[in-house]
Amino acid sequence: MDKTILVVDDDPYILDLSVRYLKAKGCRVLSTTDPETAYSLAEKERPNLIISDIAMPALDGFTLLKGLRGNKVTQEIPLVLLTGSDKMSDVEEGFASGAQAYLLKPIDWDTAWPKIEPLLKQRA
């Protein structure tokens, strides 16, 4: 597939599972547990897609998303939010902030991949 995905999650276990699955799908995967590092990785590497957890210490996924949208270099990168919460207010805030899709933890990759794959194709 030759697409790059940046995965941001403060849970190393979730991060590891995500990286393994996406690599098995043929993607190049960048990962970090630190949302601050995600900014510089996104700017430097310009991934085809970013998957970010919402609930992280210091900087949450909403703040990360808004920061990426405010940067000319990263504003067009599709972003998928990852959360353990299915609260409608979180979902609405995510889409209002510019997220293209939502994945619930634990990730069911059989339902997650069909949401992710079209986003990878739209950004060549």
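Before we start: helices and strands here are DSSP runs, numbered from the N terminus. One more thing to keep in mind is that this is a predicted model.

**Exercise 1. Work out the order of the strands in the sheet, and find which strands stand at its edges.**

Solution. Start with the order. The sheet is open, has five strands and reads 2-1-3-4-5, with parallel pairing. Now look at the two ends of that list: strand 2 (28–32) and strand 5 (101–104) each have a single partner strand, so one side of each has no neighbour in the sheet. As you step from one strand to the next, the twist averages 20°.

Next, zoom in on one edge. Strand 4 (residues 79–83) runs parallel to strand 5, and four bridges join them. Pick leucine 82 and look across to strand 5: its bridge partner there is leucine 103.

**Exercise 2. Find which strands helix 1 lies across, and which strands helix 5 touches.**

Solution. Take helix 1 (residues 12–24) to begin with. It lies across strand 1 (4–8), strand 2, strand 3 (49–53) and strand 4. Compare directions and you get about 170° between helix 1 and strand 2.

Then turn to helix 5 (residues 109–122). This helix packs on the sheet too, touching strand 1, strand 3, strand 4 and strand 5. Its direction makes about 150° with that of strand 5.

**Exercise 3. Decide how the rings of tyrosine 21 and tryptophan 109 are arranged, and say which helices they tie together.**

Solution. You need two values here, because a pair of aromatic rings is described by the distance of the centres and the angle of the planes. A search of the whole structure turns up three aromatic pairs. For tyrosine 21 and tryptophan 109, the ring centres are 4.4 Å apart and the planes sit at 15°. Planes under 30 degrees apart count as stacked, so this pair is stacked.

Now place the two residues. Tyrosine 21 belongs to helix 1 and tryptophan 109 to helix 5, so the pair ties together parts that are 88 residues apart in sequence.

**Exercise 4. Describe how helix 2 packs with helix 3: angle, handedness and the residues involved.**

Solution. Begin with the axes. Helix 2 (residues 35–45) and helix 3 (residues 61–69) have axes 10 Å apart and pack at an angle of about 25°. That makes the two helices roughly parallel, and their crossing is right-handed.

Who makes the contact? On helix 2 it is Pro35, Ala38, Tyr39 and Ala42, and on helix 3 it is Thr63, Leu64, Gly67 and Leu68. Sort these residues by type and you find six nonpolar, two polar and no charged.

**Exercise 5. Do the same for helix 3 and helix 4.**

Solution. The axes of helix 3 and helix 4 (residues 88–96) come within 10 Å and cross at roughly 15°. The two are therefore roughly parallel to each other. This crossing is left-handed.

Helix 3 brings Phe62, Leu65 and Lys66 to the contact, while helix 4 brings Asp90, Glu93 and Gly94. The tally by type is two nonpolar, one polar and three charged.

**Exercise 6. Look at the backbone of two loops, at proline 106 and at arginine 46.**

Solution. Go to the loop between strand 5 and helix 5, where proline 106 lies. The peptide bond leading from lysine 105 to proline 106 is cis, with omega near -10°.

Then move to the loop between helix 2 and strand 3, where you'll find arginine 46. Arginine 46 isn't a glycine, yet its phi is positive, at about 45°.

Definitions and conventions. Residues numbered from 1 in each chain as written. Predicted model: local features only at pLDDT ≥ 70, side-chain atom pairs only at ≥ 80, totals over all residues. Heavy atoms only, no water. Axes fitted to C-alpha atoms, helices over the stretch in contact; angles between N-to-C directions. Parallel < 35°, antiparallel > 145°, perpendicular 65-115°, else oblique. Left-handed = near helix turned anticlockwise from the far one by under 90°. Contact = heavy atoms within 4.5 Å. Nonpolar A, V, L, I, M, F, W, Y, C, P; charged D, E, K, R; others polar. Pairing = 2+ DSSP bridges. Phe/Tyr/Trp six-rings, centres within 6.5 Å; stacked < 30°, edge-to-face > 60°.
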